[in-house]
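Open the structure in your viewer and keep the selection tool at hand. The stops below say what to select and what is there.

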Amino acid sequence: MKKYIVTVFILIVLSGCSNQTPTTISPVEVIRTNTSMPAIPIETPEGIPARIPVVLLQDGAPDDITAAMYLMLDTNINLAGVVVTNGETRPSRALAKWEDYIYAYMGWNNVQVVAGCDCAVDPHPNAFPASWRDGAENFWGIPLPEYKGKSNSVSGTDLIIDLSNQYPGELVVVITGPETDMALALKKDPWIKDRIKKIVVMGGAVDVPGNIKTDDPSQTNTTAEWNIWVDPLGAAEVFSSGIPIDIIPMDPVPEVELDRDFAKKVGEVNLPGANLMASMWNTEFGWYSSDHIWIYDLLAANAVDHPENYTWISAPVYVVTVVGPDQGRTVKQEG
């Protein structure tokens, strides 16, 4: 068993964390208004603390979409880039919808949206169910205005490197999908580790069982979590990079849920971003026949500028990369 060890900070969060999505997606109408959302200014007024520069590596699940919205609207954060990663989406297929979301719907023209690699670092990768990927690549059937501009041809790898050069020692990388593109950036430019302030990861199952077999009974793995399991070697290389890492795994914390009352309040704001989120959440309530949903990736986004909201444990963690029943498992050691 090959071990990659790094000391990380682990947030204890809800058990049962999942990127699970149903196989049947019902399109939902998004209420449009004449109000357009302005782009976040890059400049920070004198006397006001600078925004935290962030690049988001995400794979298109509803909670990834919510995390992106949070990072766009948070006045403490400058969302400088979004990389569509090879997890619940195939980046080359999903890029257009993310351009529709960020540019045509929200009007956030300062955010660079690019496709990551349609690949994995691990020679023995795993994959999300095809029905999940089809849903994510179609933005879950939610209608969006079409972006008619030119796509950014920069790769996900190069965008991470470029932003680390633009914000040396300040850039925060938020990963709510597989670690592939971050691992590729480390391979291409090993010194990037000295220019990134920290990485915040939603992924892993440390002191609880994983969710692969729970979500997909055709699988046998009971110890790993999806984001890590899809590209275990990529995750292992990121974990062992020496960059400070905050991990938000699927370990339990109480009362972190989004309910129908909150979705209703957000919908009543009647702005494009609020309408989109409320519509998506209400659709999810129907998927799960539940009055609440979990939005785990949002916890990673919130942890960027509000770490005080969480209880943190410092421990060395490694990722199991050997092919077998524990592939992708995140293991905490003493220390």
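Buried here means a relative accessible area under 20%, exposed means over 50%, and partly exposed covers what lies in between. The model is a predicted one.

**Stop 1: a tryptophan pair**

Select Trp-132, which is buried because its relative accessible area is 3%, under the 20% limit. Now add Trp-226, which at 0% is buried as well. The two form a tilted aromatic pair, with 5.1 Å from centre to centre and 55 degrees between the planes. Trp-132 belongs to helix 3, whereas Trp-226 belongs to helix 7 (residues 226-229), so the pair links distant parts of the chain, 94 residues apart. To see the cluster around this pair, add Phe-128 and Trp-229: ring pairs link these two with Trp-132 and Trp-226.

**Stop 2: a second ring pair**

Next, select Tyr-101 and Phe-139, which are both buried. Their ring centres are 5.2 Å apart and their planes stand at 50 degrees, so this pair is tilted. Tyr-101 sits in helix 2 (residues 91-105). Phe-139 sits in the loop between helix 3 (130-137) and helix 4 (156-166), so the pair ties together parts that are 38 residues apart in sequence. The count of aromatic pairs comes to 13.

**Stop 3: the nonpolar cores**

Keep Tyr-101 and Phe-139 and add Ile-65, Trp-98, Ile-102, Leu-276 and Trp-281. These seven touch the most other members of the largest nonpolar core, which has 55 residues. Colour helix 10 (residues 272-288) next: with eight residues, this helix gives the most to the core. Apart from this core lies another, of 33 residues; to find it, select Tyr-167, Val-201, Val-238 and Ile-247, which are among its members.

Which residues does Trp-98 touch, not counting those up to four places away in sequence? Show its contacts and you should find Gln-58, Gly-60, Asp-64, Ile-65, Ala-68, Val-82, Val-84, Val-113 and Phe-139.

**Stop 4: the disulfide**

Finally, select Cys-117 and Cys-119, whose sulfur atoms are 2.1 Å apart and form a disulfide. The model has one disulfide by this count. A disulfide is a covalent bond between the sulfur atoms of two cysteines. The link of Cys-117 and Cys-119 is right-handed, with 130 degrees about the S-S bond. Are these cysteines buried, partly exposed or exposed? Cys-117 has a relative accessible area of 26%, so it counts as partly exposed. Cys-119, at 22%, is also partly exposed.

Methods
Residues are numbered from 1 along each chain as its sequence is written. This is a predicted model: local features need pLDDT of at least 70, side-chain atom pairs count only at pLDDT 80 or more; totals for chains, interfaces and linings use all residues. Side-chain values use heavy atoms; hydrogens and water are left out. A disulfide is a pair of cysteine sulfur atoms within 2.5 Å. Buried means under 20% relative accessible area, exposed over 50%, partly exposed in between (1.4 Å probe, protein chains only). A nonpolar core is a set of buried Ala, Val, Leu, Ile, Met, Phe, Trp, Tyr and Cys residues joined through side-chain atoms within 4.5 Å. Helices (H or I, at least four residues) and strands (E, at least two) are DSSP runs, numbered from the N terminus. Contact means heavy atoms within 4.5 Å. Rings of Phe, Tyr and Trp (its six-membered ring) pair if their centres lie within 6.5 Å; planes under 30 degrees apart count as stacked, over 60 as edge-to-face and the rest as tilted.
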